[in-house]
Amino acid sequence: MRAIDIQGDTGDSTILVGEVLESLGKYAPLEKTAVITDTNVRRHYQKDFPSCEVIEIGAGEVIKNLDSVGKICQRLMDMGADRSSFIVGIGGGVVSDIAGFVASIYLRGVRFGFVSTTLLSQVDASVGGKNGVNLGGYKNMIGVFNQPEFVICDMNLLKTLPERELLSGFAEIVKHAAIGDPRLFSYLEENYEKAINLDPQVIEKLVSDSLNIKSSIVNRDEKEKGERRKLNFGHTFGHAIEKTTGISHGEAVSAGMVIASELSKKTGYLSPKEARKIESLLKKLKLPVRLQIDPENVLAAIRKDKKRIGSAINFVFLKGISHAVVEEVSINALDEAIRDLPDCPRDQVTVLTDISEVKNES
Ligand SMILES: NC(=O)c1ccc[n+]([C@@H]2O[C@H](COP(=O)([O-])OP(=O)(O)OC[C@H]3O[C@@H](n4cnc5c(N)ncnc54)[C@H](O)[C@@H]3O)[C@@H](O)[C@H]2O)c1
Ligand SMILES: [Zn+2]
């Protein structure tokens, strides 16, 4: 097991890579703990939950809203949860985002931790102290910064994850490698098959190296005033594609990273060879790289991005693999730039299997 520490203004957090769900009692006071989980995780793993109150919240992005928050708080009240209560979110990013938010506002805040059950949440969502819910169709509009006391990343739980959810996690790992770790990038190039097959050693290394990148950035810039913006590599277009096509976050970010690499190439920052390496790695990890999208809709979504500053946006370019830079660019310039790209994003189409699979239940 490896422990990675995060020191935030809102508290310290320890990420336990390779720890197991069954050891939860070492970190949370079980007699005072309420577990928040989703339907799929409960179905697979309730047998390994400690014996404490369990609040189940359905599953999927659709439940990440204020309505669920209200219902959970009501359940906590009904069960007599008080200031000394402890909340553990056991699930993927949806559960950790909601559970962390509830724990931050119930009685003005109670202690909390997570057991992270998807690859995406292990390498990204449950780490870094951002918690919150969607509002009116817009992602993460309501939320707080607050660090969980611990995050258990139990690799065994990934075995039941649907393949497309697993692949989504790889997109964030490629992102971490592409913005800050050339060795991780090479390691992925060499071990992608083992990674897809969930080789325990390879997965543990990928998760902990990825967390090293994210945690060191969060330690330097918890509130996203500067360096943390690099973690948005691929996400300006990724979020817009996710919103307009309905594909999963990781898949959209994969296509978004290809567009960001193309724009970095166009600006003269990234060599054609490096851009090809990024695209090729994503393809090896079975992620979509070029999607048929409607530039009008995508740009309209970017114009509503909550991270935009008036008519401009902080865009993450690569000045080489593992060297990210953030520059303010006008959204109009982005609009022109993507229309100019030779074969991106319109002409090459990766045909996805049925999109409804993205939201499937294992
Ligand atoms: N707070 C942050 O910094 C941050 C960062 C990135 C993403 N996010 C958020 O995370 C969310 C996405 O997270 P996600 O990809 O983990 O999605 P998710 O939590 O919806 O999980 C994906 C699917 O897998 C199922 N599942 C979870 N664990 C399983 C397991 N071990 N076995 C079988 N099925 C399992 C879930 O029920 C769900 O159907 C988004 O809402 C996104 O906004 C937050
Ligand atoms: Zn992401």
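**Close-up views of a predicted two-domain model**

**Figure 1. The protein chain as a whole.** Buried residues make up 49% of the 362 residues in the protein chain, which is shown here as a predicted model. Its secondary structure consists of 12 helices and 12 strands, and the C-alpha atoms, taken along the principal axes, fill a box of roughly 60 × 40 × 40 Å. For 362 residues a compact globule would be expected to have a radius of gyration near 21 Å, and the 20 Å of the protein chain agrees with that expectation. Among contacts with a separation of 6 or more, 70% join residues that are 24 or more positions apart.

**Figure 2. The contact between domain 1 and domain 2.** The protein chain is divided into domain 1, covering residues 2-160, and domain 2, covering residues 169-359, and the centres of the two, taken over C-alpha atoms, are separated by 26 Å. To the contact between them domain 1 contributes 27 residues and domain 2 contributes 23 residues. On the side of domain 1 that touches domain 2, at least two residues each are supplied by strand S1 (2-8), strand S2 (11-17), helix H4 (119-125) and strand S8 (138-145). By residue class, that side of domain 1 comprises 14 nonpolar, 8 polar and 5 charged residues.

**Figure 3. The largest nonpolar core.** This core has 103 residues, and those with the most contacts inside it are Ile36, Ile87, Val88, Ile98, Val102, Val174 and Ala178. Helix H5 (residues 163-180) provides the largest share of the core, with 9 residues. Because domain 1 (2-160) and domain 2 (169-359) both give residues to this core, it lies between them. In soluble globular proteins, nonpolar side chains tend to be buried together.

**Figure 4. The surroundings of Ala178.** Ala178 belongs to the group of residues with the most contacts inside the largest nonpolar core. When neighbours within four places in sequence are left aside, the residues in contact with Ala178 are Phe185, Phe233, Met257, Ile278, Leu318, Ile321 and Ser322.

**Figure 5. The shell around ligand 1.** Ligand 1 is surrounded by 32 residues, of which the closest are Asn40, Gly92, Gly93, Val94 and Thr118. Two or more residues of this shell come from each of helix H1 (39-45), helix H3 (93-105), H4, S8 and H5. The shell divides into 8 nonpolar, 15 polar and 9 charged residues. Two of its contributing elements, H4 and S8, also supply at least two residues each to the side of domain 1 that touches domain 2, while H5 gives the largest share of the nonpolar core.

**Figure 6. Asn219 and its partners distant in sequence.** Asn219 is found in helix H7 (residues 200-220) and counts as partly exposed, since 16 other C-beta atoms lie within 10 Å, a number between the limits of 12 or fewer for exposed and 20 or more for buried. Apart from neighbours within four places in sequence, Asn219 is in contact with Ile6 and Gln7. Asn219 and Asp5 are 214 residues apart in sequence, yet their C-alpha atoms are 8.9 Å apart in space.

**Figure 7. Glu336 in helix H12.** Glu336 has its place in helix H12 (residues 331-340), and it counts as exposed with 9 C-beta neighbours inside 10 Å. Glu336 and Gly89 are 247 residues apart along the chain, and a distance of 43 Å separates their C-alpha atoms.

Conventions. Residues are numbered from 1 along each chain as its sequence is written. Chains are lettered from A and ligands numbered from 1 in the order in which they are written. This is a predicted model: local features need pLDDT of at least 70, side-chain atom pairs count only at pLDDT 80 or more; totals for chains, interfaces and linings use all residues. Domain bounds come from an automatic or database domain assignment. Two residues are in contact if their C-beta atoms, placed from the backbone, lie within 7 Å. Helices (H or I, at least four residues) and strands (E, at least two) are DSSP runs, numbered from the N terminus. Ala, Val, Leu, Ile, Met, Phe, Trp, Tyr, Cys and Pro count as nonpolar, Asp, Glu, Lys and Arg as charged, and the others, Gly among them, as polar. The radius of gyration is taken over C-alpha atoms; the globule rule is 2.2 Å times the number of residues to the power 0.38. A nonpolar core is a set of buried Ala, Val, Leu, Ile, Met, Phe, Trp, Tyr and Cys residues joined through C-beta atoms within 7 Å. A residue is near a molecule or strand if its C-beta atom, placed from the backbone, lies within 6 Å of it.
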